[in-house]
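Trainee: I have a structure to go through today. Can we start with how the copies fit together?
Mentor: Yes, let us open it first.

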There are 2 protein chains.
Amino acid sequence: MAEKWIVGVDLGGTTTKLAFINLYGEIIHKWEIPTDNSDVGKNITINIAKAIDHKLEELGQEKTKLAGIGMGVPGPVNYATGIVYNAVNLGWEDNYPIKDLLEVETSLPSVIDNDANCAALGEMWKGAGNGAKDLVCVTLGTGVGGGVIANGNIVQGTTGAGGEIGHITSIPEGGAPCNCGKTGCLETVASATGIVRLAVEELSKGSSSGTLQELYSQTGQFTAKDVFDAARNGDETAGRVIDKVAFHLGLALANIGNTLNPEKIVIGGGVSKAGDVLLDKIRVKFEQFAFSRVKASTELALATLGNDAGVIGAAWLIKNNPAFIQ
Amino acid sequence: MAEKWIVGVDLGGTTTKLAFINLYGEIIHKWEIPTDNSDVGKNITINIAKAIDHKLEELGQEKTKLAGIGMGVPGPVNYATGIVYNAVNLGWEDNYPIKDLLEVETSLPSVIDNDANCAALGEMWKGAGNGAKDLVCVTLGTGVGGGVIANGNIVQGTTGAGGEIGHITSIPEGGAPCNCGKTGCLETVASATGIVRLAVEELSKGSSSGTLQELYSQTGQFTAKDVFDAARNGDETAGRVIDKVAFHLGLALANIGNTLNPEKIVIGGGVSKAGDVLLDKIRVKFEQFAFSRVKASTELALATLGNDAGVIGAAWLIKNNPAFIQ
């Protein structure tokens, strides 16, 4: 059994990441294929099955080498049945029985979870979590995702909406509209999109004269990374934006801390690449808003696995399941 | 084994509640003794041991009738070791090995948890939770306590501060001081004390002429119950206070819902006796601030066990432990 591999799959709207991973969480081989979401997404499982077979052939391995497939999908999941409640980016109909379809297509036992939950499991197993059994992972990307691990298990919630940290209401009155239909969600102020929106808002006040204003005047656009770069170079407008982002993240993460007292809160995703310029400011607000015992024991840390968190955490779904790994 | 009883103990700063409870969670006999916290609290375990022995004698039962003791204590607990980190109201020194001391004194196996966690377990087992394995319980009393159950287990957190819902920061800027040392905690606006404070604040604005103002002018004081009674009778000042309380509770519970998507959020404690006049207003705000899937699946409910929740949940600690109940 020790020489078996697990297939970790991180299914995204445009790209599907795959990896063969051993029982110690080491990536043996990883690669990507495009996600074909045409035709109500019916090619997705077929393409994954083909990709696995071709890669085995390329590596000169038999299918018996594989213990099973763990897969993260971008939508809420019924973990027990492997049904995806909805995943609009993939073309699938609601209540899509992805586990059954993947097993039929690949002849391999499969376990499905939400992609943000997989990222959290990956960081728990091999990343910043370093084995912590109580861990919250927040992913700051185009949107804001989250995964909550308590007592070593993902908190799925009663309909798979556990960990929807991006939809914590940060601005109860007068917040910006969120894709989810609410207003003032954490995602509207802490995602890459939200940070740019805040910066445009700040620049439109008209009194700014720094590098961010120059960039905006010249090109009519900028990215979240531009905001962090400008802040790092002393741009005051950008600094105020980062202060606002850090305030809302610090408050939300402190309140998650007050509720769960996890060993670690791990911050990942593209925005987290800003590093200490963001983390240090979040930490100040976190410490201000956290209950004393939480402040003393819940650690904020940057994610360490980058884009590999998803496939590694997906592999954990198989590794952790006694039905597959004896 | 089926005829065994469990001792459920709910240890408070002034009163200790005890009950003999069968394996089906039915209370056979319940009684109270005063808590003697003099002399660094060293009589507490002795008094519990004596109370159990006297009650067995009174009921004509042998000690072998008892499977063990579950006890809730007012402070953060290391669940694995049965050490109470601190419990100032009891006179105990920090890191008090209450489990070991209780076992020595009673010759019965013991399991210790925080009292708010026990109340949550009680409501899960026999109360409003009705068996829900994902449940959050918030207790609105003199303070605000909380217990979080995920996947059927209490979320203890890394140093026993899981469920400190009362110390969620509700008013990040300019909030009232909390006993915990922070400002603006949920407890400062949603506990009985907090509600009275908000009402005094509202009355001091000077423009009020309702029944609450009359009561305050005549007696110089009033209770949270008076505020609810006044609101029920159309007092506008009291109504505004309840709106404020409901806003902060609705927001905090929605954000807990967005993080955990529990099946139920159960509201208990003295303040919850206000019933629908409070719950209906909380629900409006909860639905405004909850993510759509959470709004559709996480139910708000009033606690049903009242003061018995603590002893029943404490008994669950033994019932749920395979070491004691085969």
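## Two copies and their parts

Mentor: The copies meet through the same surface, because 100% of the interface residues of chain A are also interface residues in chain B. Keep in mind that this is a predicted model.

Trainee: What turn and shift lay chain A on chain B?
Mentor: A turn of 180° with a shift of 0.0 Å along the axis does it, and the RMSD is then 0.0 Å. The two copies are thus related as by a two-fold rotation axis.

Trainee: How many residues does the contact take from each chain?
Mentor: It takes 38 residues from chain A and 38 residues from chain B. On the side of chain A that touches chain B, β9 (144-150), α8 and α10 (292-297) of chain A each supply at least two residues.

Trainee: And which element gives the most to that side of chain A?
Mentor: α8(A) does, with 7 residues. As for character, the residues on the side of chain A that touches chain B divide into 17 nonpolar, 17 polar and 4 charged.

Trainee: Now to helices within one chain. At what angle do the axes of α8 and α9 of chain B cross?
Mentor: Roughly 50°. Helix α8 of chain B covers residues 236-260, helix α9 of chain B covers residues 276-289, and their axes come within 7 Å.

Trainee: What do you call that arrangement?
Mentor: Roughly parallel ends at 35 degrees and roughly perpendicular begins at 65, and α8(B) and α9(B) are therefore oblique to each other. The crossing of α8(B) past α9(B) is right-handed.

Trainee: Which residues make the contact?
Mentor: From α8(B) they include Ile242(B), Ala246(B), Phe247(B) and Leu253(B), and from α9(B) they include Val277(B), Ile282(B), Phe286(B) and Phe289(B). The residues of this contact of α8(B) with α9(B) divide into 13 nonpolar, 2 polar and 3 charged.

Trainee: What about the loop after α8, say Pro262(B), buried or exposed?
Mentor: Pro262(B) is buried, since 28 other C-beta atoms lie within 10 Å. Pro262(B) sits in the loop between α8 and β11 (264-268) of chain B.

Trainee: What does Pro262(B) touch?
Mentor: Leaving out residues up to four places away in sequence, Pro262(B) touches Gly157(A) and Thr158(A), and also Asp134(B), Leu135(B), Val136(B), Gly257(B) and Thr298(B).

Trainee: Back to backbone angles. What is the usual sign of phi?
Mentor: Most residues other than glycine have a negative phi. Asn261(A) has a positive phi of about 45° although it is not a glycine.

Trainee: Where is Asn261(A)?
Mentor: In the loop between α8 (236-260) and β11 (264-268) of chain A. Asn261(A) counts as buried because it has 27 C-beta neighbours inside 10 Å.

Trainee: What about Val40(B), what is its phi?
Mentor: Positive, at about 45°, although Val40(B) is not a glycine. Val40(B) lies in the loop between β3 (27-34) and α1 (43-59) of chain B. Val40(B) counts as exposed, because it has 12 C-beta neighbours inside 10 Å and the cut-off for exposed is 12 or fewer.

Trainee: One last residue, Asp280(A). Where is it found?
Mentor: Asp280(A) is in helix α9 (residues 276-289) of chain A. With 11 C-beta neighbours inside 10 Å, Asp280(A) counts as exposed.

Trainee: How far is Asp280(A) from Leu300(A)?
Mentor: They are 20 residues apart in sequence and 9.6 Å apart in space, C-alpha to C-alpha.

Key
Residues numbered from 1 in each chain as written. Chains lettered and ligands numbered in written order. Predicted model: local features only at pLDDT ≥ 70, side-chain atom pairs only at ≥ 80, totals over all residues. Least-squares fit on C-alpha atoms with pLDDT ≥ 70 in both. Contact = placed C-beta atoms within 7 Å. Axes fitted to C-alpha atoms, helices over the stretch in contact; angles between N-to-C directions. Helix = DSSP H or I, 4+ residues; strand = E, 2+ residues; numbered from the N terminus. Parallel < 35°, antiparallel > 145°, perpendicular 65-115°, else oblique. Left-handed = near helix turned anticlockwise from the far one by under 90°. Nonpolar A, V, L, I, M, F, W, Y, C, P; charged D, E, K, R; others polar. Buried ≥ 20, exposed ≤ 12 C-beta atoms within 10 Å, placed from the backbone.
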